[in-house]
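Work through the exercises below with the sequence and the model at hand. Try each task before reading its solution.

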Amino acid sequence: MIALVATVGGTFAVDLDDQDVGPADAFSATPGVETGLPRVLHAAASGATVVALVDAKPPLLLSYDAGTTWREGGRGLPPGRAVAIATDDPDLIVYAARNRLYVSRDAGVFWTALEVELPEIEALVLTE
């Protein structure tokens, strides 16, 4: 899985498995998902899984029933800029902080920081 990351220094493709980084073509950020929640900075959805990046601590709200119920997530993560969910695997969530990506492969229970540091992140999408 590749994360396309728009930054103040250009657009980068980050391989989530081996953490290779390379230049990429600019992309249009996907429009956010309407959640009806206050203080939402960005939201992404895949099937019934919805992740909302909020201006609070912890920085994430997660729903596994299309927004009917929510739980907090992302304790210990720094303030965020964007969030993305893999369309074919809703357990794979990528969270963008100021200049680092965090990956969860278990629907937001545990998070791993990628080693790569990027210029200030503005937007994020996932692609194959």
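A polar contact is a pair of N or O atoms within 3.5 Å; within protein, one of them must be able to donate a hydrogen and the other to accept it. The model used here is predicted.

**Exercise 1. Find the surroundings of Ser 104: which element holds it, is it buried or exposed, and what does its side chain meet?**

Step 1. Locate the residue. Ser 104 belongs to strand S10, which covers residues 101-104.

Step 2. Check its accessibility. The relative accessible area of Ser 104 is 0%. Buried means under 20%, so Ser 104 is buried.

Step 3. Look for a polar partner. A polar atom of the Ser 104 side chain lies 3.0 Å from the backbone oxygen of Phe 110.

Step 4. List the other neighbours. Leaving out residues up to four places away in sequence, Ser 104 touches Asp 91, Leu 92 and Ile 93, and also Val 109, Phe 110 and Trp 111. Phe 110 thus appears both in this list and in the pair from step 3.

**Exercise 2. Describe the open sheet of four strands: what is its order, and which strands stand at the edges?**

Step 1. Read the order. The strands follow one another as S4-S5-S6-S7, and the pairing is antiparallel.

Step 2. Find the edges. Strand S4 (40-46) and strand S7 (71-73) each have a single partner strand, so one side of each has no neighbour in the sheet.

Step 3. Add the twist. From one strand to the next it averages 25°.

Step 4. Take one pair in detail. Strand S6, residues 60-63, runs antiparallel to S7, and three bridges join the two. Across this pair, Leu 62 stands opposite Arg 71 in S7.

**Exercise 3. Examine the backbone in three loops: what is the peptide bond from Lys 57 to Pro 58, and what are the phi values of Arg 39 and Ala 66?**

Step 1. Recall the background. Most residues other than glycine have a negative phi, and most peptide bonds are trans.

Step 2. Inspect the peptide bond. From Lys 57 to Pro 58 it is cis, with omega near -5°. Pro 58 sits in the loop between strand S5 (49-54) and S6.

Step 3. Turn to Arg 39. Its phi is near 65°, a positive value. Arg 39 is placed in the loop between strand S3 (21-23) and S4. With a relative accessible area of 53%, Arg 39 is exposed.

Step 4. Repeat for Ala 66. Here phi is near 60°, again positive. Ala 66 lies in the loop between S6 and S7, and at 55% relative accessibility this residue counts as exposed.

**Exercise 4. Characterise the whole protein: how many helices and strands are there, and what radius of gyration does it have?**

Step 1. Count the elements. The protein has zero helices and twelve strands.

Step 2. Compare the radius. A compact globule of 128 residues would have a radius of gyration near 14 Å, and the protein has 13 Å, so the two agree.

Step 3. Give the extent. Along the principal axes, the C-alpha atoms fill a box of roughly 40 × 25 × 25 Å.

Step 4. Consider burial and surface. Of the 128 residues, 47% count as buried. The protein exposes about 6,600 Å², and carbon and sulfur atoms supply 50% of this area.

Step 5. Consider the contacts. Among those between residues at least 6 apart in sequence, 39% join residues at least 24 apart.

Key: Residues numbered from 1 in each chain as written. Predicted model: local features only at pLDDT ≥ 70, side-chain atom pairs only at ≥ 80, totals over all residues. Heavy atoms only, no water. Buried < 20%, exposed > 50% of the residue type's maximum accessible area, 1.4 Å probe, protein only. Contact = heavy atoms within 4.5 Å. Pairing = 2+ DSSP bridges. Axes fitted to C-alpha atoms, helices over the stretch in contact; angles between N-to-C directions. Rg over C-alpha atoms; globule rule 2.2 N^0.38 Å. Areas by Shrake-Rupley, 256 points an atom, 1.4 Å probe, with all protein chains shown as cover.
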